[in-house]
Amino acid sequence: MRSGDPGQGAEPDLVIRARGVVLPDGVRPAAVGISGGTIVGVLPYDGAAATPEMVVLGDDEVLLPGLVDTHVHVNEPGRTDWEGFATATRAAAAGGITTIIDMPLNSIPPTTDATALRAKREAATGQIHVDVGFWGGAVPGSLGRLTELREAGAFGIKVFLIDSGVPEFPPVDDAGLERVLRQAAELGSLVLVHAEDAAVIEAAPRAGGPGYGAFLRSRPAAAEVTAIARVIELAMRTGARAHVLHLSTAEAVGMLADARRRGVSVTAETCPHYLALAAEDIADGATQFKCCPPVRERANRERLWRALRDGIIDIVVSDHSPCPPSLKRLELGDFGAAWGGISSVQVALPVVWTRARARGHGLDDVARWMAAGPASVAGLAGKGRIAAGMDADLVAFAPEDSFIVRPDRLHHRHKLTPYDGQRLHGVVRRTWLRGETVSGERPAGRLLTGGS
């Protein structure tokens with residue numbers, strides 16, 4: 001393979017050839033050589049020598065890097081009836097996602113200390129179909145435990161600035177946020193923030209009843225704008241790295257861009273539902289669409305797409321947040337009573353690709369937003385790109401093929417989804433994890449450690 005590449009001298013035991021391979025510098029025909037689960041080189045399409053195994057993708061297929069989803073709520077242990085490692089990771093693999101990082105809340109106990117992190121790792125052992133890492137969390141009673149979480153392998157620390165929806169993961173106040181950011185700056189850790197301002201939401205009209213408009217007014221854009229301004233100010237004051245989770249309002253885009261111009265280390269993500277759905281289209285009582293922050297109006301959605309195009313929004317991740325269907329309160333159709341969360345880990349790629357292609361974006365853009373970008377934010381140096389030295393996490397993707405979302409074909413534990421019945425473009429034909437095909441039968445994922 002190419003001189004100077006990591007893995008130089010290793011002969012590939014598998015070569016995957018495709019007329020379209022999404023590489024860091026663009027999409028072109030190539031042959032990807034793999035040895036021992038690692039990419040050892042990328043050659044021209046006809047440049048690979050004979051190997052023990054050769055896979056040639058169809059003319060309608062493109063080879064993507066395995067996606068990295070840094071925002072998944074697996075909920076195990078403690079709320080495994082909501083989701084679990086086996087079902088969540090099987091769904092991820094079916095959707096072309098080869099690495100997830102699990103959020104620290106909705107499981108019991110929440111991942112706010114090293115003991116809880118060990119419980120997570122034990123629960124995941126032997127049942128994961130993709131690679132899995134873990135975020136730690138900080139709540140008022142655990143603010144002194146950031147060092148132990150980092151040493152135990154957490155990838156970073158998540159905080160809420162508002163009620164999280166579960167009593168065991170309460171929010172931090174301004175002083176708590178500053179303390180977390182200062183500790184994280186000393187440790188070189190990332191702080192992830194659910195940025196909605198509690199006071200703004202407390203002053204807003206109450207949510208209730210079947211009308212989506214009332215729910216939307218109960219979580220105004222001003223709540224995000226106010227909270228993100230505070231995150232930026234404290235990140236600048238402390239020198240910490242901060243990451244804004246699930247950005248739903250384009251009104252915060254300008255301040256994020258300005259903060260970066262001033263040298264503040266702040267990144268931001270958005271989610272497929274904010275790029276695909278629109279408040280005007282949500283019917284009365286359709287509580288499967290409820291998430292927090294909420295899906296906003298069409299005009300806002302288009303501004304999010306522009307911010308993504310311009311690099312102000314860095315990444316797109318699922319915020320897969322499932323619950324038992326009974327908690328969605330469909331029988332009442334009450335947005336005030338329903339749990340807020342959307343299950344989308346299996347369909348995130350086709351949801352984003354369907355809307356991206358309609359706006360003139362290419363698969364290289366999608367790979368940057370959903371593979372390389374999330375890997376960079378989380379510090380996963382061996383993930384998210386097709387290049388020598390990287391893990392051979394790969395996806396055979398048919399971008400022009402389409403399918404209709406049917407709940408019985410979804411692998412996550414509960415099948416309720418706002419995408420039910422939608423026709424989406426982009427079909428995952430095959431997923432490789434470190435060069436091995438993910439079948440969904442034999443769990444072959446690994447537990448990842450932050451900082452390694």
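## A tour of the pockets and cavities

Start with helix 5, which supplies three residues to the lining of the largest pocket, the largest share. Keep in mind that this model is predicted.

**Stop 1: the largest pocket.** Select helix 5 (198-203), then add strand 10 (157-160) and helix 6 (212-218). These are the elements that give two or more residues each to the lining of the largest pocket. The space enclosed here has a volume of about 650 Å³. Now centre the view. Which residues lie nearest the centre of the largest pocket? Pick Asp 163, Ser 164, Gly 165, Arg 219 and Cys 292. They belong to a lining of 30 residues. Colour that lining by class: 11 residues are nonpolar, 12 are polar and seven are charged.

**Stop 2: the second largest pocket.** Move to strand 16 (423-433), one of the elements that give two or more residues to this lining; the others are helix 1 (85-94) and strand 15 (394-404). How many residues does strand 16 give to the lining of the second largest pocket? Strand 16 gives six, the most of any contributor. The volume of this pocket is about 430 Å³. To find the middle, select Ala 94, Gly 95, Gln 346, His 411 and Val 428, which lie nearest the centre among 24 lining residues. By class, the lining of the second largest pocket splits into 11 nonpolar, eight polar and five charged residues.

**Stop 3: the largest cavity.** Leave the pockets and look for cavities. The structure holds three of 30 Å³ or more. The largest cavity contains about 90 Å³ of space. Select Cys 323, Lys 328, Gly 341, Ser 343 and Leu 416; of the 14 residues in the lining of the largest cavity, these lie nearest its centre. What classes make up the lining of the largest cavity? Seven residues are nonpolar, six are polar and one is charged.

**Stop 4: the second largest cavity.** Here the volume is about 50 Å³. The full lining can be selected by name: His 129, Leu 433, Glu 436, Thr 437, Val 438, Ser 439, Arg 442 and Ala 444. Colour these residues by class once more. Three are nonpolar, three are polar and two are charged. Leu 433 links this stop to an earlier one: it lines the second largest cavity, and residue 433 also falls within strand 16 (423-433), an element of the lining of the second largest pocket.

Notes: Residues numbered from 1 in each chain as written. Predicted model: local features only at pLDDT ≥ 70, side-chain atom pairs only at ≥ 80, totals over all residues. Heavy atoms only, no water. 1 Å grid on protein atoms, 1.4 Å probe; cavity = no way out; pocket = protein on both sides within 12 Å on 5 of 7 lines; lining within 4 Å. Points joined across faces, edges and corners; volume = space filled by probe spheres on them. Helix = DSSP H or I, 4+ residues; strand = E, 2+ residues; numbered from the N terminus. Nonpolar A, V, L, I, M, F, W, Y, C, P; charged D, E, K, R; others polar.
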